[in-house]
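Grab a pencil and work through a few short exercises with me. Each one sets a task and then walks through the solution.

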Amino acid sequence: MSSLSFIGHYCKGVGAFFCSALLASLLSFPVWSADMSGWSDKTLCRLMASASGNADYLAEAKRRKLDCDSGVSAGKKSSKSISKQGLLPKNKGIVFYPLKLDPKVKQQLLANPIDKTAFDFNPYQLASLVNPIKCQFNLRRVQYTDDVKGRVEHWDMANGNMVLTNDGAKINGNWRMKGLSKDPSYLKHEVNLKLTKAGHLVGKMAYFHLMVSDGEALENPVYVKFTPHQRSKPLDVNNLNKGELWVDVEDWAGGVLYLKRCKNISPSS
């Protein structure tokens, strides 16, 4: 006789309420002895998650060598996946790997540091100066946003003195754009300009294009290229007086370098 038939027969002699409670209790009681061989690994893992202390589920999972954290049977892991996992770094942060270079290549790289002011002067006929030329200079910004021809702003981005020699321009002055521009090394070490026979300045230099106010993020210099500009008024080497040398920086703005009170000086000055 089945359990349900026995309960039905027994209920004929007892109260209906008691029988109903007994029947509901038996129907809701888990069938621990169920055959789990047809269950999928996914189903078994799901049931284990909801009833982690079930001994039958644990035993079946152990029999299958099932790792429910990964959802993959330990016995089914391929040697390929295991080998890949073995290569994964334990450190989850930034991992540095040493770069192996040929000693000769490494020596070449170290011998040629990056020079942001490097410039090819070969295409230009440079001036051959008997004596250095000393000029006062001031650099101003040119705005193109409201005037296609350019509007020169009436304040100095930089000013000081410039000495022109056959080896290049040497500047004693100051940037006035605040921030990093206050470092005098930019005008001292990051200027590579030379004078051509026609009186233009050619080369590259560190250039501070934007003013930095107190509390704002610092602005790194851009490295602008000076070449003969159609709007420039070159310096006449044979009749020293003044020059006006324009430079393009961005679409919306450029600069103009004014040279004035230029004169020859002795090499020792």
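The exercises below look at salt bridges, burial, polar contacts and surface patches.

Before you start: this is a predicted model, where local features need pLDDT of at least 70 and side-chain atom pairs count only at pLDDT 80 or more, while totals for chains, interfaces and linings use all residues. Residues are numbered from 1 along each chain as its sequence is written, and side-chain values use heavy atoms, with hydrogens and water left out.

**Exercise 1.** Find out where Arg63 and Glu60 sit and how their side chains meet.

*Solution.*
- Step 1: place them. Both Arg63 and Glu60 belong to helix α4 (residues 55-64), three residues apart, about one turn of the helix. Helices here are DSSP runs (H or I, at least four residues) and strands are runs of E (at least two), numbered from the N terminus.
- Step 2: check the contact. Their side chains form a salt bridge at 2.5 Å, N to O; the term asks for a side-chain nitrogen of Lys or Arg within 4 Å of a carboxyl oxygen of Asp or Glu.
- Step 3: check the burial. Arg63 is exposed at 57% relative accessibility, whereas Glu60 is buried at 10%. The cut-offs: buried is under 20% relative accessible area, exposed is over 50%, and partly exposed is in between (1.4 Å probe, protein chains only).
- Step 4: widen the view. Glu60 and Arg63 are part of a salt-bridge network with Asp41 and Arg64. Searching the whole structure turns up six salt bridges.

**Exercise 2.** Work out which parts of the chain the salt bridge between Asp156 and Arg140 ties together.

*Solution.*
- Step 1: the side chains of Asp156 and Arg140 meet at 2.8 Å, N to O.
- Step 2: Asp156 is in the loop between β4 and β5 (158-165) and Arg140 is in strand β3, so this pair links parts that are 16 residues apart in sequence.
- Step 3: Asp156 is buried, at 15%, and Arg140 is partly exposed, at 23%.

For another pair, try Asp146 and Arg151: their salt bridge spans 3.2 Å, N to O. Asp146 is exposed at 52%, while Arg151 is partly exposed at 36%.

**Exercise 3.** Is Arg141 buried or exposed, and what lies 2.7 Å from a polar atom of its side chain?

*Solution.*
- Step 1: find Arg141 in strand β3 (residues 133-143).
- Step 2: its relative accessible area is 11%, so Arg141 is buried.
- Step 3: the atom in question is the backbone oxygen of His209.

**Exercise 4.** Describe the surroundings of Thr145, starting from its loop.

*Solution.*
- Step 1: Thr145 is in the loop between β3 and β4 (151-152), and with 58% relative accessibility Thr145 is exposed.
- Step 2: the side chain of Thr145 makes a polar contact of 3.3 Å with that of Gln143. Such a contact is a pair of N or O atoms within 3.5 Å; within protein, one must be able to donate a hydrogen and the other to accept it, and residues adjacent in sequence count only if both atoms are side-chain atoms.
- Step 3: Ala253 is 108 residues away from Thr145 in sequence, yet their C-alpha atoms are 7.5 Å apart in space.

**Exercise 5.** Where is Lys242, and is Lys242 buried or exposed?

*Solution.*
- Step 1: look in the loop between β9 (222-226) and β10 (243-248) for Lys242.
- Step 2: Lys242 is exposed, at 57% relative accessible area.
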